[in-house]
Amino acid sequence: METNDPLERTELSFLLGMAFQLVLSEFVRRLDAAGYDDLRPVHGLAFQALYGPGLTSTELAERLGVTKQAAGQLVDELEKGGYVQRRPHPAGGRRKLVVLTEQALEHLVVAGGILREVEVELQMRLQGSGLSVPRAELAAIVRVLAGDEIPPLRPVW
């Protein structure tokens, strides 16, 4: 089905980028309204990486694809906001383990709920046009390009 919509002739990477930007902007707007206006999307990526037993700042840098200095600055910001703590590393030495606090875990619950709300609302709006959220198609694109080793989402935009 061909339409006169110029977006349908736009490069795929631009369409994916615009869709990501719009969904992310709506998510951030709602997250700000929920009282988390001190956080940026990169903080959410750090929370995802740190979820569980935690990481060192160096491991966080590797996971996010940023410099050690950038990861250290990010950890400093999150620690100041009460979202992470530095603890002695279980293996000893001078290394510190960065772990999420209860405040960060509460944020993840709220953020997850908001993401689900945005997706449900988007699905409902698309159904009116006989469409759906292209989850299977996007997953297939990732699988074709990445194979079994799914790369982490990194703040490269």
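Here are a few questions and answers on the nonpolar parts of this predicted model.

Residues count from 1 along each chain as its sequence is written, and side-chain values use heavy atoms, without hydrogens and water. As the model is predicted, local features need pLDDT of at least 70 and side-chain atom pairs 80 or more, while totals for chains, interfaces and linings use all residues.

Reader: Which helix gives the largest share of the largest nonpolar core?
Author: A nonpolar core here is a set of buried Ala, Val, Leu, Ile, Met, Phe, Trp, Tyr and Cys residues joined through side-chain atoms within 4.5 Å. The largest one has 26 residues, and Phe 47 and Leu 50 are among those touching the most other members. Six residues, the largest share, come from helix 2.

Reader: What kind of aromatic pair do Phe 47 and Tyr 83 make?
Author: Both are buried, meaning under 20% relative accessible area (exposed is over 50%, partly exposed in between, with a 1.4 Å probe and protein chains only). Rings of Phe, Tyr and Trp (its six-membered ring) pair if their centres lie within 6.5 Å; planes under 30 degrees apart are stacked, over 60 edge-to-face, and the rest tilted. With centres 5.6 Å apart and planes at 45°, this pair is therefore tilted.

Reader: How far apart in the chain are those two?
Author: Phe 47 sits in helix 2, and Tyr 83 in the loop between helix 4 and strand 1. The pair links distant parts of the chain, 36 residues apart.

Reader: Is Leu 145 buried or exposed?
Author: Leu 145 belongs to helix 6. Its relative accessible area is 73%, so Leu 145 is exposed.

How values were computed. Helix = DSSP H or I, 4+ residues; strand = E, 2+ residues; numbered from the N terminus.
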